[in-house]
Amino acid sequence: MVAARLLARISRQGTAFAAAAAVAPAGHRPEAAALLRASAGHFVPSCSSIKTHQMRTHGEQSAAIIRRFSSEVPVSEQMNLIKQLRERTSAPIKDVKASLVSCNWDIDDAQKDLRKRGVVLAAKKSLRTAAEGLLAIAQDEKRAVVVELNCETDFVARNDVFQYLASSLAHLALSARDPGEVVFPFGPEYLENLSVSLDHPKLSGETTVKSAVTEVAAMVGENVKFRRGFMLSTTAHGVVSSYLHTCPQPGLGRLAGLITLEAEDSNVALDALKKVGSSIAMHIVAAKPLFLSKELVSAAAVENERDILRTQAESSGKSQMAIEKMVEGRLRKYFEDVVLLEQKYVINDSTNIKTVLNDLSKEVGTKVTVGNFVRMEVGEGVERLDEAHGSESTFCAA
């Protein structure tokens with residue numbers, strides 16, 4: 001019986017030593033192995049038992065470490081968290097993963113961390129050229145607003161958060177106080193401190209325009225700028241019409257035309273004016289007029305053009321009388337190119353805009369005139385790496 005109990009005790013100690021050796025840190029494994037060998041040959045003294053207990057403690061700690069590492073977020077869950085945070089913020093995958101790792105895969109903390117990082121990055125990128133983007137239009141019966149929101153690439157311009165912000169800025173500008181001017185150009189300072197209420201899955205809450213632009217810049221990883229806007233109003237009996245070209249969705253585009261048509265008789269129905277106004281707004285985008293009428297072309301611009309045309313004509317070697325006729329003929333062509341009322345109508349090039357308005361006046365039974373027009377294009381006037389100059393937007397008042 002005594003012998004049996006002794007053998008059982010030795011067997012239990014041997015098993016414990018083997019477990020300790022298996023999980024013990026590398027630096028302690030020789031001692032565990034020595035204890036194991038001792039247990040196989042004879043009874044272990046009490047001091048060795050104490051040492052065995054210490055080794056078992058080290059082994060349990062190592063096992064705990066192993067279990068702790070094995071209980072980290074699984075790879076499949078990591079990918080799921082990265083996907084969720086990317087959908088929430090639209091931030092680059094590299095930044096999303098970095099924030100999740102630094103926040104121990106807590107998605108809410110990582111989202112806050114991304115916003116903090118984004119503000120810093122947006123500030124660093126604010127000096128980079130932003131010549132891409134979108135124009136957004138908002139209008140009511142008497143006013144229309146077009147705003148330009150810029151970014152660095154057309155890829156970001158297709159981002160739904162960027163598009164939502166552009167539309168929000170246009171509607172905010174329209175709902176802001178009436179400036180009391182029929183033609184009102186404005187810059188970023190007009191809106192940046194106004195409060196805007198946002199309702200988008202990735203961009204919500206009430207904030208200032210300046211903060212919203214910075215937050216979107218942080219999301220997309222590019223320089224984002226609200227650059228400028230125009231507001232057109234009609235104070236008389238008339239309509240404001242608009243046209244957008246290259247539209248990713250209604251109210252957004254890369255080229256925009258606005259025009260106001262006004263009728264002398266305040267009792268005239270405006271349906272016909274709206275229809276013609278929309279087609280002339282499209283014409284403005286396509287034909288790029290600089291002036292409303294010949295009378296509004298400055299005398300200096302006319303003389304400058306006449307001098308250029310005369311120099312060109314003199315090289316033909318013809319008589320002075322023939323040269324003067326050539327100059328006047330080419331000057332008429334210049335007016336057809338840059339003056340809205342003299343331009344050939346893009347929908348029907350057998351007539352011009354002046355004739356289109358005359359026909360409209362006959363149709364509605366009262367004189368219809370153009371009040372003002374605006375043409376805008378994304379990035380015009382912004383110096384790019386591949387060009388030194390750009391054209392500015394055109395707006396003209398009667």
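**Exercise 1. Which residues is A263 in contact with, leaving aside its neighbours within four places in sequence?**

Before the solution, two notes on the model. This is a predicted model, in which local features need pLDDT of at least 70, side-chain atom pairs count only at pLDDT 80 or more, and totals for chains, interfaces and linings use all residues. Residues are numbered from 1 along each chain as its sequence is written, and side-chain values use heavy atoms, with hydrogens and water left out.

Solution.
- Step 1. Place the residue: A263 lies in strand β9, residues 255-263. Helices (H or I, at least four residues) and strands (E, at least two) are DSSP runs, numbered from the N terminus.
- Step 2. Apply the contact criterion, heavy atoms within 4.5 Å. With neighbours within four places in sequence left aside, A263 is in contact with H237, L273, T366, K367 and V368.
- Step 3. Take one of these partners, L273. A263 and L273 are 10 residues apart in sequence, and their C-alpha atoms are 8.5 Å apart.
- Step 4. Classify the burial of A263. Buried means under 20% relative accessible area, exposed over 50%, and partly exposed in between (1.4 Å probe, protein chains only). A263 has 6% relative accessibility and therefore counts as buried.

**Exercise 2. Determine how helices α10 and α13 are oriented to each other, and list the residues through which they meet.**

Solution.
- Step 1. Locate the helices: α10 covers residues 271-287 and α13 covers residues 353-364.
- Step 2. Compare the axes, which are lines fitted to C-alpha atoms, for helices over the stretch in contact, with angles running from 0 to 180 degrees between N-to-C directions. The two axes come within 11 Å and cross at roughly 175°.
- Step 3. Name the orientation. Angles under 35 degrees count as roughly parallel, over 145 as roughly antiparallel, 65 to 115 as roughly perpendicular and the rest as oblique. Helices α10 and α13 are therefore roughly antiparallel to each other.
- Step 4. List the residues. From α10 come A272, L273, V276, I280 and H283; from α13 come I353, V356, L357, L360, E363 and V364.
- Step 5. Sort them by class. Ala, Val, Leu, Ile, Met, Phe, Trp, Tyr, Cys and Pro count as nonpolar, Asp, Glu, Lys and Arg as charged, and the others, Gly among them, as polar. The contact of α10 with α13 has 9 nonpolar, 1 polar and 1 charged residues.
- Step 6. Look at V364 in helix α13. Apart from neighbours within four places in sequence, V364 is in contact with V268, A272 and L273. The C-alpha atoms of V364 and D265 are 9.4 Å apart, while 99 residues separate the two along the chain.

**Exercise 3. Find where N104 and T246 lie, and decide whether each is buried, partly exposed or exposed.**

Solution.
- Step 1. N104 is in the loop between α5 (93-102) and α6 (107-125). Its phi is near 55°, a positive value in a residue other than glycine.
- Step 2. N104 has a relative accessible area of 58% and is therefore exposed.
- Step 3. T246 is in the loop between β7 (238-245) and β8 (252-253). Phi of T246 is near 60°, again a positive value in a residue other than glycine.
- Step 4. T246, at 45% relative accessibility, counts as partly exposed.

**Exercise 4. State how many disulfides the structure holds, and assess the burial of C103 and C151.**

Solution.
- Step 1. Recall the bond: a disulfide is a covalent bond between the sulfur atoms of two cysteines. Here the criterion is a pair of cysteine sulfur atoms within 2.5 Å.
- Step 2. The structure holds 0 disulfides.
- Step 3. C103 counts as buried at 18% relative accessibility, and C151 is buried with a relative accessible area of 0%.

**Exercise 5. Describe the surroundings of S167 and E132.**

Solution.
- Step 1. S167 is in helix α8, residues 160-175. Not counting residues up to four places away in sequence, S167 touches A136 and L252.
- Step 2. S167 and A136 are 31 residues apart in sequence and 5.5 Å apart from C-alpha to C-alpha.
- Step 3. E132 lies in strand β1, residues 132-139, and counts as buried at 18% relative accessibility.
- Step 4. Between E132 and V378, 246 residues apart in sequence, the C-alpha to C-alpha distance is 6.4 Å.
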